[in-house]
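Reader: I have just opened this one and don't know my way around. Where would you start?

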Amino acid sequence: MRVIQFREALREAMNEEMRRDNDVFLMGEEVAEYNGAYKVSQGMLDEFGEKRIIDTPIAELGFAGIGVGAAMNGLRPIIEFMTFNFSLVAIDQVINAAAKMYQMSGGQFNIPMVFRGPTGSAGQLGAQHSQAFENWYANCPGLKVVVPSNPYDAKGLLKTAIRDNDPVIFMESEQMYGDKGEVPEEEYLIPIGKADIKREGTDVTIVSFGKIMKVALAAAEELAAENISVEVIDLRTVRPIDYDTVIESVKKTNRLIIVEEAWPLASISTEITYMVQKRAFDYLDAPITRITTADTPLGYAPTFVAEFLPSVPKVVKAVKDVLYK
Amino acid sequence: MATFTKEQYITWFEQMMLMRRFEEKSAQLYGQQKIKGFCHLYIGQEAVVAGTMSVINKEDKLITAYRDHAHALACGIPAREVMAELYGKATGCSKGKGGSMHMFSKEHNFFGGHGIVGGQIPLGAGIAFADMYRGGKQVTVCYMGDGAVRQGALHEAFNMAMIWKLPVIFICENNGYAMGTSVKRTTNVMDIWKLGLAYDMPSKEVDGMNCESVHEAIAEAVDRGRKGDGPTFLEIRTYRYRGHSMSDPAKYRTKEEVEEYKQQDPIEQVRKVILDNNYATQADLDAIEEKIGAVIQDSVEFSENSPWPDASELYTDVYMEPNYPFINE
């Protein structure tokens, strides 16, 4: 199978959906003439023209709201945030408008749109450019939140998100755009709300999503060398969460570790921990362990980055701890 | 001097009288606790909406903030459905899910009442964007209060509406007070219309107590929008006779000030034109009022007799996707 970059997979998804449906357009900062801050939308202006690939001023609140208004009036906008850190100035339109409109209007105005862009830290970018808000958006009914971890999933999920009739938050990573992976030439879709078992195992279950899946898979590989069999589940979607896949796995392995780039309080891992203790309490042979970021903003120095983020050694240690090794 | 047709004045009278009597009834029902939550009345401001309706077509779009009952009625949503929404009944125009602040009707191109001050301004631009994208000739009328112009959303939306020449008419219904804070306490620029000039947007001030002047200003703006010449900003100076909401005794202003505006009452102005020109007799106008009284009485009876939405409806209309797996454990 051919191998392409994560950013190319996203671009293919948008190109295919824009060829399929004239109501789809892309709007955001630097998406058109600059070809995308991270080159996701490279070449799209040439193919679709300025009517459908639209550069905006730096006004996230304004263009997010224009997107929601356009969606109310029947279009299917893709709104790109250069990073989700900047979505905070637009969050009123995401939470108070996009997520509420369908219910407030008694089912008259649905919002078929995608807000997409990179989330999380990406090296030494300082506190304001290093935040993950997956759990913030996942907390809000009315939204769906998708966080792919590889090019294949990214393409299939983004195509589904664009066709979805509800507002979808689609979160990528600067540190994934260059990742390569197998993506077939032929069209495919991946459903929202279904987790994927990326590696089967029997001793411990690790649940993660997005960029941090790389850490989870690397840890599993390292542990395999020590004859520890780890099952790695990629949630792919954090609203809704596919609890069943997690719980089935825990019933098999009896041990659960959740790895996530998020501050610990009220994180996705907290939520999964609740649901597993509720539905699989008798199956647990060790306390559920979560590996989140530090409970601090991420400072600039490299020592802070290493301390702050989930890492392979942290995961390996946690696995051994729950196995009492 | 009458500048419009007899029929136009009668329509304005009828429309504004419906809004006023509806709001008076709402206030009464709020007092009886039939209507709950927040309830913001439009009494005194009727000419702003009436003067819009005489210009725009059914295909044009309307969006406003939470003082939205009159806009909903004027768009053609039956009084029954607006009243039932105030009651929170399943027969309301938003199925009891919106309430006073969130009237909606796709059928009547009413894109809703919105509860976050200024949040509807980018939405209005976006609605217009979609019509332009499809090559339509519709315009969007986007209302806001004088409080909303202090929000960043206005400035971002104004700027993009201008660079993309969106067919949208931004209307600031300046009633002098953002809740209890007067305009002069929130700015050094008392002329709100001048905010549009920062974006080279055609902008002006309009007498909002008078249907004719509102109509003329809107007509010019609609023409500009339909021709593809972009947005307009109108500061329509008006006044609300009641408090900001039902819980506001409006102690921040004088009785004299309220009286001064009541002397310019928009309905009485239209009544005077009608009577002075013999377009109708006082008896004819009384008959109109009586008919409106019956419509409102009917809307109350309809609401009283309508069911609440079933509690299970809490889980519908959140997602368009059927069978969304809500967490309920």
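Author: With one loop residue: B:N278 is exposed, at 67% relative accessibility. Here, buried means under 20% relative accessible area, exposed over 50%, and partly exposed in between, with a 1.4 Å probe and protein chains only. As for the ground rules, this is a predicted model, in which local features need pLDDT of at least 70 and side-chain atom pairs count only at pLDDT 80 or more, while totals for chains, interfaces and linings use all residues. Residues are numbered from 1 along each chain as its sequence is written, chains are lettered from A and ligands numbered from 1 in the order in which they are written, and side-chain values use heavy atoms, with hydrogens and water left out.

Reader: Fine. Where is B:N278 found?

Author: In the loop between helix 9 (266-276) and helix 10 (282-305) of chain B. Helices and strands are DSSP runs numbered from the N terminus: H or I of at least four residues for a helix, E of at least two for a strand.

Reader: And what is its phi near?

Author: Phi of B:N278 is near 55°, which is positive in a residue other than glycine. Most residues other than glycine have a negative phi, and most peptide bonds are trans. B:Q33 also has a positive phi, of about 65°, and is not a glycine. B:Q33 is in the loop between helix 1 (6-31) and helix 2 (46-53) of chain B and is exposed at 58% relative accessibility.

Reader: Is the peptide bond from A:R239 to A:P240 cis or trans?

Author: Cis, with omega near -5°. A:P240 sits in the loop between strand 12 (237-239) and helix 9 (243-253) of chain A.

Reader: Sheets next. What order do the strands take in the open sheet of chain B?

Author: The order is 2-1-3-4-8-7, six strands with parallel pairing. Two strands pair if DSSP finds at least two bridges between them. Strand 2 (110-113) and strand 7 (203-207) stand at the edges with a single partner strand each, so one side of each has no neighbour in the sheet. On average, neighbouring strands are turned by 20° against each other, direction ignored.

Reader: Which helix packs on that sheet?

Author: Helix 5 (residues 120-133) of chain B, which touches strand 1 (61-64), strand 2, strand 3 and strand 4. Contact means heavy atoms within 4.5 Å. The direction of helix 5 makes about 175° with that of strand 3 of chain B; axes are lines fitted to C-alpha atoms, for helices over the stretch in contact, and angles run from 0 to 180 degrees between N-to-C directions.

Reader: How many bridges join strand 3 and strand 4 of chain B?

Author: 6 bridges, in the parallel sense, between residues 140-145 and residues 168-174. In that pair, B:V141 stands opposite B:I169.

Reader: What about aromatic pairs? How many over all chains?

Author: 28. Rings of Phe, Tyr and Trp (its six-membered ring) pair if their centres lie within 6.5 Å; planes under 30 degrees apart are stacked, over 60 edge-to-face, and the rest tilted. B:F129 and B:Y133 make a tilted pair, 6.0 Å centre to centre with 35° between the planes. They are 4 residues apart in helix 5 of chain B, about one turn of the helix. B:F129 is buried at 6%, and B:Y133 is buried at 7%.

Reader: What lies over the face of B:Y133?

Author: A:K51, at 4.5 Å from the ring centre. A charge sits over a ring if NZ of Lys or CZ of Arg is within 6 Å of the ring centre and within 35 degrees of the ring normal. In chain A, the charged end of A:K39 sits over the ring of A:Y34, 4.2 Å from its centre.

Reader: How many disulfides over all chains?

Author: 0. A disulfide is a pair of cysteine sulfur atoms within 2.5 Å. The closest cysteine sulfur to that of B:C75 is in B:C93, 10 Å away, so a bond is out of reach. For B:C172 the closest is in B:C142, at 11 Å, also too far. B:C172 is buried at 0%.

Reader: Last one, in chain A. How many residues of strand 4 are buried?

Author: 5 of its 5 residues, 76-80. A:R76, A:I78 and A:E80 point one way and A:P77 and A:I79 the other. Strand 4 runs parallel to strand 2 (residues 24-28) of chain A, joined by 5 bridges.
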